[in-house]
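Here is a short guided tour of a fold, taken one piece at a time. Please keep the sequence and the 3D view at hand as you read.

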Amino acid sequence: MSVSQAVVYDESALLALGVGNRLASQFVSNTEHAATRHVYVPALCLAAADAQREGVAAHLGALEAADIVALDFAGASTVGQLVRNGLDWRIAHAVHLARPSAEWPDGCPVLTQEPELYKDTPLVRTIRLPRQ
């Protein structure tokens with residue numbers, strides 16, 4: 001039996017993917033070939049990345065392996081609370097998706113070039129994406 005694995009891309013990981021970062025690309029490539037692997041793209045992180053570099057959203061939208069996650073009511077409520085408590089809106093959606101849930105009891109790590117942004121977010125693990 002295969003264990004499912006997932007990773008959440010934040011704004012910095014999306015920008016890195018857009019310029020061909022090898023590790024960011026490898027996660028997507030591995031996901032295309034394994035049904036038990038998942039790449040989650042928080043819609044707010046995608047919007048923030050596309051605001052910085054036009055075309056990022058179009059590129060991600062064309063990748064079958066990337067699952068762009070919209071905000072539902074529970075997500076919007078949680079993200080609103082995180083932002084109200086001082087968390088940057090650009091990463092709040094990633095934090096929401098990364099925390100433990102019924103689907104992912106251990107949570108999902110956030111792929112990021114800026115792990116320091118998550119240092120004060122309990123229950124969130126990060127994978128440092130090297131700058132190339």
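## Terms and ground rules

Helices (H or I, at least four residues) and strands (E, at least two) are DSSP runs, numbered from the N terminus. This is a predicted model, in which local features need pLDDT of at least 70 and side-chain atom pairs count only at pLDDT 80 or more, while totals for chains, interfaces and linings use all residues. Residues are numbered from 1 along each chain as its sequence is written, and side-chain values use heavy atoms, with hydrogens and water left out.

## The sheet

Let's begin with the open sheet, where five strands are arranged in the order S3-S2-S1-S4-S5 with parallel pairing (two strands pair if DSSP finds at least two bridges between them). Strands S3 (66-69) and S5 (126-128) are at the edges with a single partner strand each, so one side of each has no neighbour in the sheet. On average, neighbouring strands are turned by 35 degrees against each other, direction ignored; axes are lines fitted to C-alpha atoms, for helices over the stretch in contact, and angles run from 0 to 180 degrees between N-to-C directions.

Strand S1 (residues 5-9) runs parallel to strand S4 (residues 110-112), and two bridges join them. Tyr-9 stands opposite Leu-111 in S4.

## Helices across the sheet

Helix H2 (residues 22-32) lies across S1, S2 (37-42), S4 and S5, at about 125 degrees to S2. Helix H3 (residues 43-52) lies across S1, S2 and S3, and runs at about 60 degrees to S2.

## Helix H1 and its partner

What becomes of helix H1 (residues 11-18), is it enclosed or not? Seven of its eight residues are buried (under 20% relative accessible area, with a 1.4 Å probe and protein chains only), so H1 is largely enclosed by the rest of the structure. Among the buried ones are Glu-11 and Ser-12. After H1 comes Gly-20, with a positive phi near 85 degrees.

H1 packs with H3 at an angle of about 50 degrees, their axes 8 Å apart. At this interface, Glu-11, Leu-14 and Leu-15 of H1 meet Cys-45, Leu-46, Ala-48, Ala-49 and Gln-52 of H3 (contact means heavy atoms within 4.5 Å).

## Around Tyr-9

The largest nonpolar core (buried Ala, Val, Leu, Ile, Met, Phe, Trp, Tyr and Cys residues joined through side-chain atoms within 4.5 Å) has 39 residues, of which Tyr-9, Leu-14 and Leu-60 touch the most other members. Helix H6 (residues 89-98) gives the largest share of this core, six residues. Leaving aside neighbours within four places in sequence, Tyr-9 has contacts including Leu-14, Phe-27, Val-39, Cys-45 and Leu-111.

Methods:
Buried means under 20% relative accessible area, exposed over 50%, partly exposed in between (1.4 Å probe, protein chains only).
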